[in-house]
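This report describes one protein model, beginning with charged pairs and ending with the chain as a whole. The sequence and the structure are shown first.

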Amino acid sequence: MTFLSDLRWRGLVHQTTDDAGLEIWLEDKPRIVYAGFDPTADSLHVGHMLGLVVLRRFQKAGHKPIAVVGGATGMIGDPTGKSDERNLLSKEDLEKNVVGIAEQMRSFLDFDAGDCSAELVNNLDWTAQWTYLDFLRDVGKNFPVNVMLAKDSVKSRLGRGDDSSPGDGMSYTEFSYMLLQAFDFVHLYDKFGCEIQAGGSDQWGNITAGIDLARRMRSVQLVGMTWPLLTKGDGAKMGKTESGAVWLSAERTSPYQFYQYWFNADDVDVGDCLRMLTELDQEEISSLDDVRQSNAGQRDSQRRLAEELTKLVHGEEGLQSAERATQIFFGAEIADLNDKQLGQIFADVPAKEISRSRLSDGSLTVVDALVEAGLAKSKGDARRTVQQGGAYVNNRRIEEIDTALTEKNLASESVMVLRSGKKKYALLRFK
RNA sequence: GGGGGGUUACCGAAGCGGUCAAACGGGUCAGACUGUAAAUCUGAUGGCUCUGCCUUCGCAGGUUCGAAUCCUGCACCCCCCA
């Protein structure tokens, strides 16, 4: 099975500029491929993963990947798919973001692999040097405005201008975005011999713009391919939760939350995710498909997906801590842990400090503790929770209302884990 | 300006002198079931030093042994006639 046919099987190929010849072209010799990433935050999120795994697959197949962070284009704002003019990022923010993103890419790409080492470049480095006049003369000259106007990304913003389709308009700045990205491709061709650009399906217009530009400026035929946008069965974007994006940085989204996000994937989505995002082979993926068909409740697919992706992003250690946290959050009794481990597992859980003396004088009952920790809004509420069997200390159910908590109830040196119901946790730290 | 109706716990809505901490529905919380799904079922849902006590039914007074329920005034809302 060739590299491209595997990509196709995985559903990662949406459009290419050369459907017939691409397979042979890629098998012929190692190629240099690039994909761009918008540095809108100091961390990548799940929405970026598809691009990263595509580059990773190219690299594993022996090609050389170049990740371009859009330091320049990020300052302009890609109009694609946006209904509003975008806020421009400051130079300082961009620099900070680029640093953060670069670090995360290391878990996807090998930057020390000889001829096919990954490269990380910032398009600001070659864009910033242009003077306005030079750019207009050398690059702008090659862009027929009528062609630009025909691109979907522009058309949708301009509308037809009548009442039913007013369009919000776009600034000259955003209109120029396409030129910058197009020139990136030419530059990467010059500098690295990069011949193929990959991107999300929404990038098709920008990619072909680059190919056109290279033909005019360098008389070469470059190649483009897009992957489909990864959406959920209900049409929503992958990687969004009620509380916001799912990030790749452990600070923004803990490995546990990351793991849980994938573990909770819908049955209808999990197959696509396995194929597109993981590196499991076709045989394993189809056997997971079978299990899902016959015994969905087993959720092997979700478990494998969560394992693979957490390991990819957060490493073996991150996966272990996510799995440990999962066991604990879903009921395993808490024992033999220290403050530090608990702090990691319950990083997202509210905590309250309490005087240690209350443990020794027996003045702290379960009911008091639930109220102190904010798990009950009154003592009556707490009492009810206990009576109805919903109160836990270190995941052990407490049945008696007047149970007093002592040093023996500490889960670690100074922390006690309270829980109300199935999932609501709070920590008490005794100082 | 005149006439009528309303204001109840998180929300909607019963109650119209004692048995009212207040029906019922929704929500929320807990439990069971379950696939860490959906649905369903059960219980709880003012506070507390909890077989009892305290504070609630727009606000302030009053009648009564006793008021969410009756009376007076005030505030806000709705409707009808000018």
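Which residue forms a salt bridge with Asp6, and how many Å apart are the closest N and O atoms? The partner is Arg10, and the closest N and O atoms of the pair are 3.0 Å apart. The model is a predicted one, and in it both Asp6 and Arg10 are buried.

## Salt bridges

In general terms, side chains of opposite charge can pair when their charged atoms come close. In this model, the count comes to 25 salt bridges, and three of them are set out in the table with the separation of their closest N and O atoms.

| Salt bridge | Closest N and O atoms |
|---|---|
| Asp6 and Arg10 | 3.0 Å |
| Asp134 and Arg137 | 3.6 Å |
| Arg356 and Glu407 | 3.0 Å |

The bridge between Arg356 and Glu407, with its closest N and O atoms 3.0 Å apart, joins two loops: Arg356 lies in the loop between β9 (351–354) and α18 (357–360), and Glu407 lies in the loop between β11 (396–397) and β12 (415–420), so the pair ties together parts that are 51 residues apart in sequence. Arg356 has a relative accessibility of 28% and counts as partly exposed, and Glu407, with a relative accessible area of 38%, is likewise partly exposed.

The bridge between Asp134 and Arg137 has another setting, since these two residues are three apart in helix α7 and are therefore separated by about one helical turn. Asp134 is partly exposed, its relative accessible area being 31%, whereas Arg137 counts as exposed at 56% relative accessibility.

Salt bridges also link Asp272, Arg275, Asp289 and Arg292 into a network.

## A nonpolar patch and helix α7

Helix α7, which spans residues 132–138, holds the Asp134 and Arg137 pair and also contributes to a nonpolar patch on the surface. Which residues make this patch? Tyr132, Leu133, Leu136 and Tyr172 do so, and the patch has an area of about 470 Å². Helix α7 supplies the largest share of the patch, namely three residues. Leu136, one of the residues of the patch, is placed in helix α7. With a relative accessible area of 33%, Leu136 is partly exposed, and because patch residues must have over 30% relative accessible area, this value of 33% for Leu136 meets that part of the criterion.

## Glutamates in a loop and in a helix

Is Glu307 buried or exposed? Glu307 is placed in helix α16, which covers residues 300–329, and at 19% relative accessibility this residue counts as buried, because buried means under 20% relative accessible area. When residues up to four places away in sequence are left aside, Glu307 touches Tyr259, Leu319 and Glu323.

Glu251, by contrast, counts as exposed at 73% relative accessibility, and its place is in the loop between β8 (244–245) and α13 (255–263). Although Glu251 and Ser43 are 208 residues apart in sequence, their C-alpha atoms are 9.5 Å apart in space.

## Positive phi angles outside glycine

Where is Ser219 placed? Ser219 is in the loop between α12 (204–218) and β6 (223–227), and its phi is near 55°, a positive value in a residue other than glycine. Ser219 is exposed, with a relative accessible area of 63%.

Arg299 also has a positive phi, of about 55°, although it is not a glycine. Arg299 is found in the loop between α15 (282–294) and α16, and its relative accessible area of 29% makes it partly exposed.

## The chain as a whole

Chain A has 20 helices and 13 strands, and its C-alpha atoms fill a box of roughly 85 × 45 × 45 Å, taken along the principal axes. Of the 431 residues in chain A, 51% are buried. Among contacts between residues at least 6 apart in sequence, 72% join residues at least 24 apart.

The accessible surface of chain A comes to about 20,400 Å², and 47% of this area belongs to carbon and sulfur atoms. Chain A carries 51 positive and 65 negative side chains, and the centres of these two sets lie 3 Å apart.

Key. Residues are numbered from 1 along each chain as its sequence is written. Chains are lettered from A and ligands numbered from 1 in the order in which they are written. This is a predicted model: local features need pLDDT of at least 70, side-chain atom pairs count only at pLDDT 80 or more; totals for chains, interfaces and linings use all residues. Side-chain values use heavy atoms; hydrogens and water are left out. Patches are made of residues with over 30% relative accessible area and no salt bridge: like charges are joined within 9 Å, nonpolar side chains (Val, Leu, Ile, Met, Phe, Trp, Tyr) within 5 Å. Accessible areas come from the Shrake-Rupley method with a 1.4 Å probe; for residues, only the protein chains shown count as cover. A salt bridge is a side-chain nitrogen of Lys or Arg within 4 Å of a carboxyl oxygen of Asp or Glu. Helices (H or I, at least four residues) and strands (E, at least two) are DSSP runs, numbered from the N terminus. Buried means under 20% relative accessible area, exposed over 50%, partly exposed in between (1.4 Å probe, protein chains only). Contact means heavy atoms within 4.5 Å. Lys and Arg count as positive and Asp and Glu as negative; His and the chain ends are not counted. The place of a charge is taken as NZ of Lys, CZ of Arg, CG of Asp or CD of Glu.
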